[in-house]
Structures are given as structure tokens and as C-alpha cells.
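Work through the exercises below with the model open. Each task is followed by a solution in steps.

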Amino acid sequence: KEKKVDAEVVEIIARRSGGYVRDAESLLGQVLSLGDKKITLDLAKLVIPFSDFQLVLEFIALLQQKNTVGAVTFINNILGEGVDLTRFIIEVIEGLRKILLLTLGASLDAYAINVRKEDELKLLGLSKSFSIDELISIIETLLEYKEKIPLSPIEQLPIEIAILEMCGQNSAKGARPQNNFSSAKAETLKKYDSKISPLEQEDLSRQDGENNKGSKRSPTMEA
């Protein structure tokens, strides 16, 4: 029985399959099993996890603007609309890859399939707003946190944390906390150092040395 499949559906199948013929055949089989003579995009959404590439571009633009609140709100909104979050992040990574290729001066025709001309123009515009280092950092962050989605009790939480990092809200990641007391003491000494005579400084140093020795005594000695 002959059926007609809309071009948009074919495009989505090609994108989902990532160039693997077996995966494409599997998705096409699911679509054709719907039974209608004409397979529209709305009909295909019933069997194919769906996310609009326009949404991908919108999310990337929010990251480029470092709009933390907007990006977090966006993720929660699309999740509420039934978008598959893991699939969406995979497509965001693919979109960022395309932007990276454009930034490097490569042609999307050679390295990426099924990019509509209007989308390619938007990608080209975004490629001028990112540095190569920024793109690599964002891609690596998303790759890392995508793997945490299935492990999280709150599906969107890993991506929300990723957004904080990508938008610079957690720039001190990995930094060791400072000893506030030591910092304050050093600042105080620096401030009043000129007001303390050499004899007083020597006396303070001797007291510190005695205190340190006392703190290092073994329990046996104290007993």
C-alpha cells in the first residue's frame, strides 16, 4: 500500500538516525505503521521523540546571551510541553557542533546533514557570537551533564546546573574555599604591621611558635 511521507518527517528521521541506515529504517517503519496514507509531522510525533530545531537555536541563543534565568525557564517549559530532554540536549550538542564547524570555516554540506537554509543562516549568525573556546567548553559541559539526567531524581536538575556553569554563575567551580580567619588575620597584620615595633613583632612570633609546639604535643605527654 503506497504512502506519502512529508519532507519534514523524512528530515527528522535522517537527523534522529545520525546517518545509520538501520536506525533510519527502524524509525521509518514506526512511522509507516501508523496506517494513514499521508504521514504528516503531527502524526509522526506520535511515535518519534520530537524536538523542534527552532527550539534548539533558541536555547543556544540564550546560552550565548548568558541568560541564566531565561535558559532555566526555557528548559522547564519545553519539559512541560512533553519534549524529550535527553534527545533535546543531544540536538543542542549537534547544533553547537555545526556552529563550531562554521566558526572553523567548514561547510555544513560536507559535515552535517539536513540543515535547512534558514537554519543554516541562523547558525552562521550564532557562529559569529561564540569563540572556539566557548563552544568547546559548552559542548563538554553538556556532554558531561547529559549523562546525569537518568540518575537524577529531578530530570531537569543536571541541565539546570549545567546552565549555571555555562552562563558563568559557577565560575569558581573546583576552587578550594579560602580560610577566612587566616585571610582576615593576614590582612590585619598587613594593615597594622607598620605600627608594631620590631621588638613586639619578635615577641608575637615567639608566642606563635610556643602555641604551635603546644598544639603538637602527643596525648601521652599531656597525660
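**Exercise 1.** Identify the salt bridge that Glu-94 makes with Arg-97, and place the pair in the secondary structure.

Solution. The side chains of Glu-94 and Arg-97 form a salt bridge at 3.0 Å, N to O; the term requires a side-chain nitrogen of Lys or Arg within 4 Å of a carboxyl oxygen of Asp or Glu. This is a predicted model, in which local features need pLDDT of at least 70 and side-chain atom pairs count only at pLDDT 80 or more, while totals for chains, interfaces and linings use all residues. Residues are numbered from 1 along each chain as its sequence is written, and side-chain values use heavy atoms, without hydrogens and water.

Next, the position: both residues belong to helix H6 (residues 85-103), 3 residues apart, or about one helical turn. Helices are DSSP runs of H or I with at least four residues, numbered from the N terminus.

**Exercise 2.** Which residues are joined with Glu-94 into one network?

Solution. Glu-94 also forms a salt bridge with Lys-98, with closest N and O atoms 3.9 Å apart. These two lie 4 residues apart in helix H6. Lys-98 is buried at 3% relative accessible area, where buried means under 20%, exposed over 50% and partly exposed in between (1.4 Å probe, protein chains only). Shared partners thus link Glu-94, Arg-97 and Lys-98 into one network.

**Exercise 3.** Is Lys-146 buried or exposed?

Solution. Lys-146 has a relative accessible area of 14%, so the residue counts as buried. Its salt bridge partner is Glu-147, at 2.6 Å between the closest N and O atoms.
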